[in-house]
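Here is a walk through a few helices and a handful of single residues. Keep the viewer open as you read.

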Amino acid sequence: MHKQDRPDSGHGVTWFVDLVGDAHLSKSQSRVADVIIRNPRLALYADTSELAQRADVNGSTIVRTAQALGYRGWPDLQRELRARHLLSLNTEDTLNEHGSYHSPVHDALDHEIDNLRLTKESISEIEADAAIEALISARRTLVLGFGSYAGPAGLLAHLGTTMGYSIAHEPRGSVHLASALNTMGPDDLLVIVNMWRTNKTSTLAAEAVRELGAKVLAITDMRESLISEAADHLLVVPSEGISFFQSVTAATSVIYGLLAGMETANTERSRQSLRGIQKMWKELEIYSD
C-alpha cells in the first residue's frame with residue numbers, strides 16, 4: 001500500500017500501516033491486518049472471534065498476526081491500538097468517548113481491574129526481571145515523571161531511597177534536570193514514567209544519558225514510540241482511565257513489584273536502611289503515634 005493510499009490517521013492507523021509494511025505476514029495474517037486498517041473503530045473493541053469472522057480466519061491466526069507484529073497477543077495489540085486512538089483525541093473528545101457512568105467509583109474499579117489484567121499479559125517475567133536487575137545494579141538512578149506521572153515516579157524514588165538505594169526523582173525539568181543528567185555515566189540508570197502523549201523532555205533526556213553511557217528503563221503505554229525506541233528496558237502498561245485523564249494504577253502496581261524485587265535482591269541492606277529510617281523518624285518526632 002502506497003503512502004497516498006493510506007487511510008486517514010484520525011484513529012492512529014498510519015503507524016500500523018508502517019508496522020505491517022515492515023513485517024513478514026502470511027496471506028491470512030495480511031487479511032487480519034487489512035481488516036484492522038480498514039475498520040479501525042471495530043479493532044478498538046472487537047474480541048478475537050469477531051475479528052476472526054471479519055477476516056475469514058480462525059482465532060489462532062489473530063493471535064499469530066499480533067505476535068508477528070511484535071505483540072504478545074491480540075489483547076496486547078488492541079491495547080496499543082486503543083492507546084493510539086486516545087492519543088488522537090482532545091480532552092473533550094476523550095470525555096465523549098467514555099460516555100456516562102452507572103457508578104463512577106465502581107466503574108473505575110472495574111476498569112482498573114481490567115487494566116491490571118492486561119498489564120500481567122503485556123509484561124513478561126523476563127522483562128520484569130531485567131528491569132529489576134537494572135535497578136539493583138545501577139550506581140545511581142534518576143526517575144523522571146511529570147504531571148500525573150510524578151506520582152508513581154516519586155513513589156519509586158522515595159521507597160527505593162528508604163531501602164538504601166541511591167535513587168532520586170526529578171519532577172522540575174529545565175535547568176534542574178540538566179544538572180542531574182550531567183552527572184550520569186555508564187553505571188547509572190534513567191527511569192522514565194510517561195503515558196499518553198510523549199513528553200519531549202523525557203525523550204531528549206533518554207537520548208542525552210545514552211550518549212553518556214547510562215541505561216534507560218521506560219514505563220509507558222506504547223511499544224512503538226520515541227520513548228520506547230530510546231529505552232534499553234521497556235515495561236508496557238495500559239493507561240486508559242474512565243474520564244478525560246489517564247490512569248497510573250497499572251504503572252504504580254508495576255513499580256510496587258519492582259520495589260519488592262529490589263528489596264529481595266538486597267534484603268539485609270534494605271532492612272538495615274529501614275531500621276535507620278525508623279530510628280530517624282523517632283529522633284525527628286515525625287509521627288505522633
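## Ground rules and a glycine

Buried means under 20% relative accessible area, exposed means over 50%, and partly exposed is what falls in between. That matters for Gly59, which at 31% relative accessibility counts as partly exposed. Bear in mind that this is a predicted model.

Gly59 sits in helix H5. Leaving aside neighbours within four places in sequence, Gly59 is in contact with Thr48 and Ala52. If you want a reference distance across the model, take Gly59 and Gly261: they are 202 residues apart in sequence and 36 Å apart in space, C-alpha to C-alpha.

## Helix H2 and what covers it

H2 runs over residues 27-38. With twelve residues, H2 reaches 16 Å from its first C-alpha to its last, close to the 16 Å expected at 1.5 Å a residue.

Which residues of H2 are buried? They are Gln29, Val32, Ala33, Val35, Ile36 and Ile37. The cover over the buried residues of H2 includes helix H1 (14-22), helix H3 (40-45), H4, H5 and H6.

## Two crossings of H2

Start with H5 (residues 59-68): the axes of H2 and H5 come within 9 Å and cross at roughly 85 degrees. Angles of 65 to 115 degrees count as roughly perpendicular, so H2 is roughly perpendicular to H5. On the H2 side, the contact is made by Ser28, Gln29 and Val32, while H5 brings in Thr61, Ile62, Arg64, Thr65 and Ala68. Sorted by type, the residues of this contact of H2 with H5 divide into three nonpolar, four polar and one charged.

Now for H4. The axes of H2 and H4 come within 9 Å and cross at roughly 105 degrees, and H2 and H4 are therefore roughly perpendicular to each other. Here Arg31, Val32, Val35 and Ile36 in H2 meet Leu51, Arg54 and Ala55 in H4. The residues of the contact of H2 with H4 divide into five nonpolar, no polar and two charged. Val32 is worth clicking on: Val32 takes part in the contact with H5 and also in the contact with H4.

## The two sides of H4

How are the buried residues of H4 placed around its axis? H4 covers residues 48-55, and its buried residues are Leu51, Ala52 and Ala55. They cover an arc of only 100 degrees around the axis, which puts them on the same side of H4. On the other side of H4, Ser49 and Gln53 are exposed.

The buried residues of H4 pack against H2, H5 and helix H6 (74-87). Right after H4 comes Asp56, with a positive phi near 60 degrees.

## Other positive phi values

Most residues other than glycine have a negative phi. Two further residues to check on a Ramachandran plot are Ser174 and Trp196. Ser174 has a positive phi, near 55 degrees. Ser174 lies in helix H11 (residues 174-182), and at 57% relative accessibility it counts as exposed.

For Trp196, phi is positive too, near 60 degrees. Trp196 belongs to the loop between strand E3 (189-194) and H12. With a relative accessible area of 23%, Trp196 is partly exposed.

## Further along: H11, H12 and H14

Val175 is also part of helix H11, and at 56% relative accessibility Val175 counts as exposed. The C-alpha atoms of Val175 and Gly147, 28 residues apart along the chain, are separated by 17 Å.

Is Ser202 buried or exposed? Ser202, in helix H12 (residues 200-211), counts as buried at 1% relative accessibility. Not counting residues up to four places away in sequence, Ser202 touches Leu144, Phe146, Ile192, Asn194 and Ile227.

Last up is helix H14 (residues 249-265). At 1.5 Å a residue, the 17 residues of H14 should span 24 Å, and the end C-alpha atoms are 25 Å apart, which agrees. The buried residues of H14 are Ala250, Ala251, Thr252, Val254, Ile255, Leu258, Leu259, Gly261 and Met262. Among them is Gly261, the far end of the 36 Å separation from Gly59.

Terms used:
Residues are numbered from 1 along each chain as its sequence is written. This is a predicted model: local features need pLDDT of at least 70, side-chain atom pairs count only at pLDDT 80 or more; totals for chains, interfaces and linings use all residues. Side-chain values use heavy atoms; hydrogens and water are left out. Axes are lines fitted to C-alpha atoms, for helices over the stretch in contact, and angles run from 0 to 180 degrees between N-to-C directions. Helices (H or I, at least four residues) and strands (E, at least two) are DSSP runs, numbered from the N terminus. Angles under 35 degrees count as roughly parallel, over 145 as roughly antiparallel, 65 to 115 as roughly perpendicular and the rest as oblique. Contact means heavy atoms within 4.5 Å. Ala, Val, Leu, Ile, Met, Phe, Trp, Tyr, Cys and Pro count as nonpolar, Asp, Glu, Lys and Arg as charged, and the others, Gly among them, as polar. Buried means under 20% relative accessible area, exposed over 50%, partly exposed in between (1.4 Å probe, protein chains only). The arc is that of the directions from the helix axis to the C-beta atoms. The expected span of a helix is 1.5 Å times one less than its number of residues.
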